[in-house]
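Reader: I've got a chain in front of me and a few things I'd like to ask about it. Can you talk me through it?

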Amino acid sequence: MTDDRTVAGGVLAQCTQVLCRCLLRVGRIELELHQIDAFLSDFRAKLQLLALDLIHQQLQHRQDQPRTAHQLNSAIPPEIPRSSENKDIMAFRASVRRVALARPSPAIRSFHTTPRAFVKVGDELPDFDGLFENSPGNKVNLSEEFKSSNGYIVGVPGAFTGTCSSLHIPSYINHPRLKEAGQVFVVSVNDPFVMKAWAEQLDPAGETGIRFIADPSAGFTTALDIGFDGSAIFGGVRSKRYALKIENGKVSKTFIEPDGTGADVSMAEKVLD
């Protein structure tokens with residue numbers, strides 16, 4: 001009986017040692033995964049900053065290089081004669097038109113007799129339930145939020161991007177009249193997990209009262225007609241930089257950056273009056 005107990009004790013000791021080694025390895029793996037995750041988050045933030053700067057430079061370059069009327073006319077292919085239309089030709093023509101007309105050009109806009117239908121003073125907020133706060137299970141409807149209070153919506157091109165993180169949103173966080181502004185929502189075309197992490201970085205203690213809202217489908221941004229095509233870099237529609245003052249459930253003032261990504265008219269010192 002004593003020998004059996006001795007053997008059992010030895011086996012138990014060996015099992016305990018193996019278990020401790022396994023736990024130690026698991027801990028090391030978790031630490032390495034955390035380090036990898038931190039590196040990827042930092043890398044993604046740097047890529048987003050670079051992408052935003054590139055888009056800003058492209059927009060400025062296009063504004064500095066307006067097209068002539070001849071260039072505008074030659075940019076869109078001529079119509080294919082109707083007599084030769086068939087399904088293949090119609091499909092080809094439609095695809096060519098989409099490519100030609102999808103090219104953003106501030107110079108082309110100047111030839112239009114009516115401006116684009118950006119959100120304007122007097123508009124009601126879209127009744128859209130595809131916004132999220134902190135997690136996919138927590139939906140937010142801004143039209144409902146502003147039925148009982150006034151405040152501001154601040155739109156940004158992307159979480160963790162340079163201008164958004166170091167200049168634009170901090171101008172609201174540090175503004176002396178923030179507490180008098182009412183509800184303040186920061187909206188970006190990102191997923192709720194990214195927005196939650198960004199909020200924790202900018203406002204770790206959650207003392208400002210600013211709420212960070214994800215618009216992952218860009219549905220809210222599109223409804224306001226205030227997005228831009230960032231497919232080449234961001235993978236889809238992104239929001240222009242803007243601020244909206246909301247009173248009685250309607251837009252009472254708009255502060256939309258002329259170039260879409262700069263930080264001037266939408267800064268807190270020009271918005272919070």
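Reader: What does the accessible surface of the chain come to, and what share belongs to carbon and sulfur atoms?
Author: This is a predicted model, where local features need pLDDT of at least 70, side-chain atom pairs count only at pLDDT 80 or more, and totals for chains, interfaces and linings use all residues. Residues are numbered from 1 along each chain as its sequence is written, and side-chain values use heavy atoms, leaving out hydrogens and water. Areas here come from the Shrake-Rupley method with a 1.4 Å probe, and for residues only the protein chains shown count as cover. The chain's accessible surface is about 16400 Å², and the carbon and sulfur share is 57%.

Reader: How do α6 and α7 pack, roughly parallel or roughly perpendicular?
Author: Helices are DSSP runs of H or I with at least four residues, numbered from the N terminus, while strands are E runs of at least two. Helix α6 covers residues 162-173 and α7 covers 192-202, with axes 11 Å apart and an angle of about 70 degrees. Axes are lines fitted to C-alpha atoms, for helices over the stretch in contact, with angles from 0 to 180 degrees between N-to-C directions. Since 65 to 115 degrees counts as roughly perpendicular (under 35 is roughly parallel, over 145 roughly antiparallel, the rest oblique), α6 and α7 are roughly perpendicular.

Reader: Which residues of α7 make that contact?
Author: Contact means heavy atoms within 4.5 Å. From α6 come Cys164, Ser165, Ile169 and Ile173. On the α7 side, the residues are Trp198, Gln201 and Leu202.

Reader: Is phenylalanine 160 buried or exposed?
Author: Phenylalanine 160 is in the loop between β3 (151-156) and α6, and has a positive phi of about 70 degrees without being a glycine. Most residues other than glycine have a negative phi. Buried means under 20% relative accessible area, exposed over 50%, and partly exposed in between (1.4 Å probe, protein chains only). At 19% relative accessibility, phenylalanine 160 is therefore buried.

Reader: And what phi does aspartate 225 have?
Author: Aspartate 225 sits in the loop between α8 (219-223) and β6 (227-229). With 22% relative accessibility, aspartate 225 counts as partly exposed. It isn't a glycine either, yet its phi is positive, at about 55 degrees.

Reader: How far apart in space are asparagine 150 and lysine 250?
Author: Asparagine 150 is in the loop between α5 (142-145) and β3. Leaving out residues up to four places away in sequence, asparagine 150 touches several residues, including Ile246, Glu247 and Asn248. Asparagine 150 and lysine 250 are 100 residues apart in sequence, but C-alpha to C-alpha the distance is 9.1 Å.
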